[in-house]
Amino acid sequence: MFQKTLRKLTVLNSIVFLLIFIVFGGMLYGYIARQLFDDIDESMEEKVEAFRLVNGRPRLGAAQTPLFDSRILIFLLDIEGNVINPYPFPIEGISPEILTSLADGGGEWQTKKIQDHAYRLRTFPYSYQDNILVKEAKEYRIKELLGVSIVDFEVTMLHRFLLVIVTGQIIGMTAIILAGYFLARRALIPIQAAWEKQYQFVADASHELRTPLTVIKSNAELLLRYPKHTIELETIRIRNVIRETIRMSKLVSTLLTLARADADEIEIQAGPVILNEVIQNVVEQFEPLVQMQGIELKVECSEVISLVADKERLQQLFVILMDNAIKYTSEFGCISISCRKQSSQVLIKVIDTGIGIEPKDLPYVFNRFFRADKVRTREKGGVGLGLAIAQWIVEKHNGKIWIKSESGIGTEVYVSLPIEKL
Ligand code: ADP
């Protein structure tokens, strides 16, 4: 899939650059051609103008005066289309046959290649009364002037320049195709990683949903197998179904939170919050469970800390951290929560003396669906999404979360949050 996108991107980029190159090259060529011919065209116009002034009535030999540019020659065209050389000598490189082919130029600037030479030419109207020229006892009625210049040097220069442009474009295009391929490949790396992450997320979510569904299905089938059994007799199966349903609905709502968080749909409802109150609420919520498990719980937040945050999300964050601490701490263990101000930040620690996390697992605990011990954590009701959500909440508050842990000794979760602005 990504190979196809890569190819498409490279081709698209190359086409866009090729078009830019062609337009730019064409403009450059046109500009240079104009610059090369502009001087000749201007001189020719000046010379024609001077010819008109001096030769109100054409005479043989009159075209010799004034001579601004020896490269520009003026010829006469009569009403029958004959070209007459007004100079008293034949012009080298412009034979009568060539002159005849040049004569059909029209009133536009043209560059023509005839035999061995390139000619720049244009006809100009010439309308004086009685424009009769007598040459070799023949009368010509003059209608137009034909300006001609041999432009072999300019045309050769233009050809060379065109060659340079085309070669440059071929080399440039090859470089662009290679660079385009390389850049497209680099640009696709994060997209590919995000796609794979998303794919993995969907696969994990489906897998997690399949387990409770299988348990529900098999328990329901067993219930059907003994239709005469009373509810009392089947309590275990019914309890299984209820437990897995609760688990599934919790999982679905967590997945929804993460999906909405990914789509940036969840906004933080920031407001003034007393951190001690939030912690106290969560602690009260977990107190019965802590007592039941014989765990000692200490809260060390002597200083009243108020900060700007989303109260609901902060509560959710501490529920996740407390839940983990309790889940992974055995009987007679200890959990302590402390908080203290550090300049513009508040540092919260949740420390337990539980099973701890192995060093090899520590880098992955914030990954979605990561569980160090899958069987054991599932028994405890974990699906591996708690810390991913905790991280999202902390980051949304522009804070940081990190964990230190030693297997068999305990875990320390640190959360640092800005006190004032989000
Ligand atoms: P879960 O719902 O499985 O607890 P979490 O994302 O909250 O998922 O945690 C990911 C994994 O990190 C857990 O499965 C567990 O292996 C490990 N973990 C998290 N908190 C603790 C803790 N306080 N003590 C030991 N292990 C922990």
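**Entry 1: shell around the ligand**

I sorted the shell around the ligand by class and recorded eight nonpolar, seven polar and three charged residues. The model I worked from is predicted. I then listed the surroundings: 18 residues enclose the ligand, and Asn 324, Lys 327, Tyr 328, Asp 352 and Leu 387 are the closest of them.

**Entry 2: polar contacts of the ligand**

I looked up which protein atoms face the ligand's oxygen and nitrogen atoms. For Tyr 328, I noted a side-chain N or O atom 2.9 Å from an oxygen atom of the ligand. Gly 384 contributes through its backbone, with an N or O atom 3.1 Å from a ligand oxygen. At Thr 411 I found a polar side-chain atom 3.2 Å from a nitrogen atom of the ligand.

I next checked the ligand's accessible area. Taken alone, the ligand exposes 530 Å², and the protein buries 96% of this area. I also asked which elements give two or more residues to the shell. These are helix H6, residues 311-327, and helix H8, residues 386-396.

**Entry 3: packing of H3 and H4**

I turned to helix H3 (residues 152-225) and helix H4 (residues 235-262). Their axes lie 9 Å apart, and the two helices pack at an angle of about 160 degrees. Because angles over 145 degrees count as roughly antiparallel, I entered H3 as roughly antiparallel to H4. I recorded the crossing of H3 and H4 as left-handed. Sorted by class, the contact of H3 with H4 comprises 16 nonpolar, four polar and five charged residues.

Notes: Residues numbered from 1 in each chain as written. Predicted model: local features only at pLDDT ≥ 70, side-chain atom pairs only at ≥ 80, totals over all residues. Heavy atoms only, no water. Near = heavy atom within 4 Å. Polar contact = N/O pair within 3.5 Å; in protein donor to acceptor, adjacent residues only side chain to side chain. Areas by Shrake-Rupley, 256 points an atom, 1.4 Å probe, with all protein chains shown as cover. Helix = DSSP H or I, 4+ residues; strand = E, 2+ residues; numbered from the N terminus. Nonpolar A, V, L, I, M, F, W, Y, C, P; charged D, E, K, R; others polar. Axes fitted to C-alpha atoms, helices over the stretch in contact; angles between N-to-C directions. Parallel < 35°, antiparallel > 145°, perpendicular 65-115°, else oblique. Left-handed = near helix turned anticlockwise from the far one by under 90°.
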